[in-house]
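The following paragraphs offer a guided reading of a protein model and the ligands placed in it. Please keep the sequence and the structure in view while reading.

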Amino acid sequence: MTTPNMQSITVLGSTGSIGVSTLDVVARHPDRYRVFALTAHRQVETLLAQIRLHRPRVAVLGCAEDASRLQKLLRTEGLSCDVLSGPEALESVASASEVDTVMAAIVGAAGLKPALAAARAGKRVLLANKEALVMSGELFMEAVRQGGATLLPIDSEHNAIFQALPLNYAGDPSGAGVSRILLTASGGPFRTLERSALAHVTPEQACSHPNWVMGRKISVDSATMMNKGLEVIEAYWLFDAAPELIQVVVHPQSVIHSMVQYVDGSVIAQLGNPDMRTPIAHALAFPERVDSGVAPLDLFSIGKLEFEEPDFERFPCLGLAYRALRSGGTAPAVMNAANEEAVSAFLDRSIDFLRISGLIDAALEQFPATAVSSLDEVLAADASARAFVRKLIAA
Ligand code: NAD
Ligand code: MG
């Protein structure tokens, strides 16, 4: 039997780092959460193991062949679960009437349409897929308003800012007495490396983050600091904060997850161990609190907290993101697409690390910002930037 407060959840990208952490929190509270749908791109075996444990009604895979393979495996085990495939199936499980809450944890532009579908359908949207907001912030926030959705940030910094803002914050920083948003950054694995040494770093080094265990794409984004750039744009849309209000603060310990500074001199910070189950549990239970499985913060073993200014010279991606945000329109979508292509080429060892920012810069030069009034315009900008960057890489 289900209780009246039982939330029915779709986890988009359930086999990824955020997806797995989400299911870990969900499994701790069977009285509160029931899984409606799980989705993965290609990881059939991981998805099967998750289905055994969480018994969703629907599962989605990227292609029909994988879906029919999963169907066969489920049949052999006597498990019943509808298996669908393709991008439209993602939108359908994100907007299904049986669903209350959608965890949007697909990586990259592929997550945009299903996250939008959840927003339009008025779901409680737990947004990890920052690329969706970066690409189409205006359309996304409009879909949230029109659909009557509740948007809760999962990105640890934005979740921290959300917690440090007044509960009734309605997107007016100065009205709320906010003078600055202090967005913390670990600085990534190459924080102290000379620029010349950055030319020789490998994907393995880029993916071994000092504090967080994450998917490969976001790990490289952390290493270039494009992750922080994407997060500046994310903060702009989520909190209606002008770019000059958002300051990046390098904080190597990743214990403070971000801060809000007020006009009276107060700075309110959210602290915790670097474990994504904290923001996930916060958003799942909001406005209540539930156990996340995260160990309590031990301040004595941490000892000290440090802060540094970001280095825009060694990490040009951060400046590129501010530039794209100020240009507006299609620029952030162009930047995001160029970044996704460049990161994937770096992970394939087709380009070196320093080329990532060069390719994004070239794409922003090639496609001057134009105003955005529809999703098609965003997707066209995304496609042109990808084609352009791929051509540069192949040349
Ligand atoms: P990941 O690579 O570990 O997982 C990505 C998930 O998306 C997987 O389930 C994968 O199967 C699915 N997926 C990938 N490509 C797809 C496609 N084309 N179509 C459908 N599904 C697809 O990534 P992650 O680290 O869990 O990150 C997910 C999102 O959350 C990203 O947008 C990332 O920026 C954001 N985020 C992650 C963290 C973290 O700690 N990992 C923190 C903050 C924000
Ligand atoms: Mg983050």
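How far does a backbone N or O atom of Ile18 lie from an oxygen atom of ligand 1? In this predicted model, the separation between these two atoms is 2.9 Å. Gly215 likewise places a backbone N or O atom 2.9 Å from an oxygen atom of ligand 1. Glu131 takes part through its side chain, an N or O atom of which is 2.7 Å from an oxygen atom of the ligand. The protein buries 87% of the 830 Å² that ligand 1 exposes when taken alone.

The surroundings of ligand 1 can be described next. Two elements, helix 1 (17–27) and helix 6 (130–147), each give two or more residues to the shell. The shell comprises 23 residues, of which Thr15, Ser17, His41, Glu131 and Gly215 come nearest. By character, 11 residues of the shell are nonpolar, nine are polar and three are charged. Because domain 1 (7–153) and domain 2 (171–394) both contribute residues to this shell, ligand 1 lies between them.

The second site to consider is that of the metal. The magnesium ion, ligand 2, has as its protein donors Asp155 (OD), Glu157 (OE) and Glu231 (OE), at 2.1 to 2.2 Å. Along the sequence, these donor residues follow the spacing D-x1-E-x73-E. Distant parts of the chain are thereby linked: Glu157 belongs to helix 7 (residues 156–164) and Glu231 to helix 11 (residues 226–239), with their positions 74 residues apart in the numbering. Are these two glutamates, Glu157 and Glu231, buried or exposed? Both Glu157 and Glu231 are buried.

Definitions and conventions:
Residues numbered from 1 in each chain as written. Chains lettered and ligands numbered in written order. Predicted model: local features only at pLDDT ≥ 70, side-chain atom pairs only at ≥ 80, totals over all residues. Heavy atoms only, no water. Near = heavy atom within 4 Å. Polar contact = N/O pair within 3.5 Å; in protein donor to acceptor, adjacent residues only side chain to side chain. Areas by Shrake-Rupley, 256 points an atom, 1.4 Å probe, with all protein chains shown as cover. Helix = DSSP H or I, 4+ residues; strand = E, 2+ residues; numbered from the N terminus. Nonpolar A, V, L, I, M, F, W, Y, C, P; charged D, E, K, R; others polar. Domains from an automatic or database assignment. Donors = N, O, S within 2.8 Å, 3.2 Å for Na, K, Ca; no water. Buried < 20%, exposed > 50% of the residue type's maximum accessible area, 1.4 Å probe, protein only.
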